[in-house]
Every structure is written in structure tokens, then in C-alpha cells.
Amino acid sequence: MELSTEYRAHAQALRERITLLESCMEETEEKDQRLLLYGRIRMLRTMWREARDLAVLTGHYYERGYHRSARYKL
């Protein structure tokens, strides 16, 4: 459960950063800068999804028969 809490907090921090970068991207008119921000957002979204999935997985770690994630198997 402790790991689940940590992963959930990490996912929340990543989501906040993604939101901030998305707002910066909307305000930026330079194409190069927008592409750079888009690349960073894509990477952070991947990290966010993994942290979110791991929070759920570790929260159910001791539940027998929990197999909801095809990516991560217990």
C-alpha cells in the first residue's frame, strides 16, 4: 500500500507538469518551441500512465486473483 501511495503521488505530480506544459504550448507561437514542448509532453504522458497503472497494481498486490493489467503481471 505504501508503494501505491507513492506511485499515485508521483502520477499526480506528472499530471500537474503535463497541464503546465500544455498551457505553455498553447501560448507559444514558435513552431520549434511547440515541437519541443510536444515531445516533452509525450514523454511525461507515458511516465504518467505507467505511474498510474503501477499505483493500481501495487494497491492490489496482495489480492488473490487480481489480473487486470496485461502489461504488469503479478
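This is a short walk through some side-chain contacts in the structure above. Please keep in mind as you read that the model is predicted.

Let's begin with a residue between two helices. Thr-28 sits in the loop that joins α1, residues 2-27, to α2, residues 31-59. Look back along the chain from there and you will find Cys-24, whose backbone oxygen is 2.7 Å from a polar atom in the side chain of Thr-28. Leaving aside residues up to four places away in sequence, Thr-28 also touches Gln-33, Arg-34 and Leu-37.

Now let's turn to charged side chains. How many salt bridges does the structure have? The count comes to three. Two of them involve Glu-22. In one, the side chain of Glu-22 meets that of Arg-45, with an N to O distance of 2.5 Å. This pair links distant parts of the chain, since Arg-45 belongs to helix α2 and Glu-22 to helix α1, with the two residues 23 apart. In the other, Glu-22 meets the side chain of Arg-15, at 4.0 Å from N to O. Taken together, Arg-15, Glu-22 and Arg-45 are linked in a network of salt bridges.

Are the two arginines of this network buried or exposed? The answer lies in between: Arg-15 has a relative accessibility of 28%, so it counts as partly exposed. Arg-45 is partly exposed as well, because its relative accessible area is 30%.

The remaining salt bridge takes us to Arg-52 and Asp-53, where the closest N and O atoms are 3.9 Å apart. Here too we can ask about the surroundings of each partner. Asp-53 has a relative accessible area of 29%, so it is partly exposed. Arg-52 has a relative accessibility of 35% and therefore counts as partly exposed.

Our last stop is a ring, that of Trp-48. Which residue has its charged end over this ring, 4.4 Å from the centre? It is Arg-52, the residue we have just met in a salt bridge with Asp-53. Arg-15 also lies over the face of Trp-48, at 5.1 Å from the ring centre. That brings us back to the network, as Arg-15 is linked there with Glu-22 and Arg-45. If you go on to look for aromatic pairs, you will find zero of them in this structure.

To retrace the path, try finding Trp-48 in the view above, then Arg-15 over its face, and from Arg-15 move to its salt-bridge partner Glu-22. From Glu-22 you can then cross to Arg-45 in helix α2.

Key:
Residues are numbered from 1 along each chain as its sequence is written. This is a predicted model: local features need pLDDT of at least 70, side-chain atom pairs count only at pLDDT 80 or more; totals for chains, interfaces and linings use all residues. Side-chain values use heavy atoms; hydrogens and water are left out. Rings of Phe, Tyr and Trp (its six-membered ring) pair if their centres lie within 6.5 Å; planes under 30 degrees apart count as stacked, over 60 as edge-to-face and the rest as tilted. A charge sits over a ring if NZ of Lys or CZ of Arg is within 6 Å of the ring centre and within 35 degrees of the ring normal. Helices (H or I, at least four residues) and strands (E, at least two) are DSSP runs, numbered from the N terminus. A polar contact is a pair of N or O atoms within 3.5 Å; within protein, one must be able to donate a hydrogen and the other to accept it, and residues adjacent in sequence count only if both atoms are side-chain atoms. Contact means heavy atoms within 4.5 Å. Buried means under 20% relative accessible area, exposed over 50%, partly exposed in between (1.4 Å probe, protein chains only).
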